[in-house]
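User: Please take a close look at one part of this model, the contact between two helices and the aromatic residues around it. Then work outward to the other aromatic and backbone features.

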Amino acid sequence: MRHLSYQSLLEMGTKDLTFVQLNQLIGRKTGGISVYPFTSSIRGKEDPCSHIIVRGKSMAGRADDLFNLINCVLQEVQFTDQQRFKQFVSQSKARMENRLRGGGHGIAAARMDAKLNVAGWISEQMGGVSYLEFLQALEEKVDNDWAGISSSLEEIRKSLLSKEGCLVNMTADGKTLSNTGKFVGKFLDLLPSKSLVERASWNVQLTSNNEAIVIPTQVNYVGKAANLYDRGYQLSGSAYVISKHISNTWLWDRVRVSGGAYGGFCNFDTHSGVFTFLSYRDPNLLKTLDIYDGTGDFLRELKMDDDTLTKAIIGTIGDVDAYQLPDAKGYSSLVRYLLGITEEERQRRREEILSTSLKDFKEFADAIDAVKVNGVAVAVASPNDVETANKERLNFFQVKKAL
């Protein structure tokens with residue numbers, strides 16, 4: 001492979017760059033550029049927040065190069081190299097298959113989310129089992145209908161990019177922000193003025209049945225989830241403390257120590273209201289689901305001295321106000337803006353965290369019972385364990401073979 005000098009890359013127009021040369025240029029003139037979809041529920045709203053996010057960073061003197069290269073990545077990459085594209089598809093498929101084997105808890109979480117809200121469905125289409133199925137079909141289609149795929153890729157790009165829907169978030173010192181304003185304007189002027197497609201409302205979810213995603217494995221990833229907001233729960237900062245305590249005590253003791261799993265934890269998505277239980281590399285299946293269902297009773301019977309409660313609160317507030325580097329601060333600010341989270345609300349949640357009491361734990365038990373009563377279960381699991389579970393509880397899981 002021929003390596004061009006830095007100067008020759010500078011002199012070369014971006015339209016003439018190959019993929020390798022473009023990567024070299026990005027590596028030498030920036031701190032990296034990434035492009036990915038971002039989708040989330042917005043608390044109190046039906047429609048989700050869904051964007052394509054482009055992140056990049058550079059030294060102050062390279063801001064012009066950064067915006068030029070971002071424009072190149074977005075608008076000048078040509079969808080003409082069939083073999084290169086097929087290689088991307090094959091690599092993506094292999095990564096997804098590895099995620100199923102080694103990180104099935106994430107796949108299970110995405111699948112449950114897709115059954116409970118629209119934002120979850122969108123994310124699962126682009127990063128879950130549905131995405132793997134899409135890649136499997138696409139890999140075969142590349143050889144049979146490359147012209148159609150290439151045309152579709154161009155249509156997708158034109159539908160995604162527009163000045164009208166673009167939001168720029170920059171993090172730098174005051175002087176750098178002032179000096180780079182002209183580069184932002186130049187970047188925006190190069191974007192199409194409007195998207196080729198109209199904005200649409202989404203109203204799609206997967207069916208809310210219990211599901212076992214069967215793969216060749218000796219361990220399981222077991223999840224169960226429900227939407228607490230649908231059952232009337234009103235968000236309080238105490239939920240952060242309670243969720244962390246459940247993971248560190250109840251699930252640690254029962255799922256990991258007694259159950260033999262490598263990990264057991266829970267997560268509360270305060271944007272969608274979905275409370276999720278998950279286990280990692282778990283030898284059990286139904287037994288773990290029974291532990292999840294016992295969480296409400298655990299909270300009702302909980303005894304906690306002031307020292308333990310204080311430690312739980314300190315651990316939680318440390319997560320909420322964790323140290324961030326400047327680029328992470330800027331990104332967090334962008335996400336909060338997109339989701340409508342104000343500084344006033346953040347301060348209110350801090351105060352609620354700091355004032356969490358044992359009474360809050362007891363009251364949360366009623367909310368978390370929604371997972372027991374109305375929850376949906378998804379497991380990425382071995383064929384034998386799923387077969388045994390469906391015999392013990394007649395057809396408890398709908399079986400889906402993934403690999």
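Analyst: What follows starts at one helix pair and then moves to rings, charges and backbone angles. The model is predicted.

Start with H10 and H16. Helix H10 spans residues 238–258 and helix H16 spans residues 358–374. Their axes come within 10 Å and cross at roughly 80 degrees. An angle from 65 to 115 degrees counts as roughly perpendicular, so H10 and H16 are roughly perpendicular to each other. On the H10 side, the contact uses Ser238, Ala239, Val241, Ile242, His245 and Ile246. On the H16 side, Asp360, Phe361, Phe364 and Ile368 take part. Sorted by class, the H10–H16 contact has seven nonpolar, two polar and one charged residues.

Phe361 deserves its own look. This residue is found in helix H16. Its relative accessible area is 0%, so Phe361 is buried. Leaving out residues up to four places away in sequence, Phe361 touches Val241, Ile242, His245, Leu299, Leu302, Met304, Leu309 and Thr356. Val241, Ile242 and His245 also belong to the H10 side of the helix contact. As for distance across the model, the C-alpha atoms of Phe361 and Glu198 are separated by 46 Å. Those two residues are 163 apart along the chain.

Phe364, on the H16 side of the contact, leads into a set of rings. Phe364 forms one aromatic cluster with Tyr229, Tyr233, Phe268, Phe275, Phe277 and Tyr292.

Now the ring pairs. The count comes to 15 aromatic pairs. One of these is Phe85 with Trp146. Their ring centres are 5.5 Å apart and their planes meet at 45 degrees, so the pair is tilted. Stacked would need planes under 30 degrees apart, and edge-to-face over 60. Phe85 lies in helix H4 (residues 82–102) and Trp146 in helix H8 (residues 146–160). The pair therefore ties together parts that are 61 residues apart in sequence. Both partners fall under the 20% limit for buried: Phe85 has 16% relative accessibility, and Trp146 has 14%.

The surroundings of Phe85 add detail. Beyond residues up to four places away in sequence, Phe85 touches Leu138, Val142, Trp146, Ile149 and Leu153. Trp146 is thus both a ring partner and a contact of Phe85. The C-alpha atoms of Phe85 and Asp385 are separated by 38 Å, with their positions 300 residues apart along the chain.

Tyr262 and Tyr280 make another tilted pair. Here the centres are 6.4 Å apart and the planes stand at 55 degrees. Tyr262 sits in the loop between H10 and strand S5 (263–269). Tyr280 sits in strand S6 (residues 274–280). This pair therefore links parts that are 18 residues apart in sequence. Tyr262 counts as exposed, at 52% relative accessibility. Tyr280 counts as partly exposed, at 26%.

Charges also meet rings. The charged end of Arg55 sits over the ring of Tyr331, 4.0 Å from its centre. Lys182 lies over the face of Phe183, at 4.6 Å from the ring centre.

Next, the backbone. Most residues other than glycine have a negative phi. Arg281 has a positive phi, near 45 degrees. Arg281 lies in the loop between S6 and helix H11 (286–293). Its relative accessible area of 29% makes Arg281 partly exposed. Asn395 also has a positive phi, near 50 degrees. This residue is found in the loop between helix H17 (383–392) and strand S8 (398–401). Asn395 is exposed, with a relative accessible area of 59%.

One long span brings us back to H16. Gly27 lies in helix H2 (residues 19–29) and counts as exposed, at 54% relative accessibility. The C-alpha atoms of Gly27 and Leu358 are separated by 52 Å. The two residues are 331 apart along the chain. Residue 358 is also where the range of H16 begins.

To recap the part you asked about: H10 and H16 cross at roughly 80 degrees, and buried Phe361 takes part in their contact.

Definitions and conventions: Residues numbered from 1 in each chain as written. Predicted model: local features only at pLDDT ≥ 70, side-chain atom pairs only at ≥ 80, totals over all residues. Heavy atoms only, no water. Axes fitted to C-alpha atoms, helices over the stretch in contact; angles between N-to-C directions. Helix = DSSP H or I, 4+ residues; strand = E, 2+ residues; numbered from the N terminus. Parallel < 35°, antiparallel > 145°, perpendicular 65-115°, else oblique. Contact = heavy atoms within 4.5 Å. Nonpolar A, V, L, I, M, F, W, Y, C, P; charged D, E, K, R; others polar. Phe/Tyr/Trp six-rings, centres within 6.5 Å; stacked < 30°, edge-to-face > 60°. Buried < 20%, exposed > 50% of the residue type's maximum accessible area, 1.4 Å probe, protein only. Lys NZ or Arg CZ within 6 Å of the ring centre and 35° of its normal.
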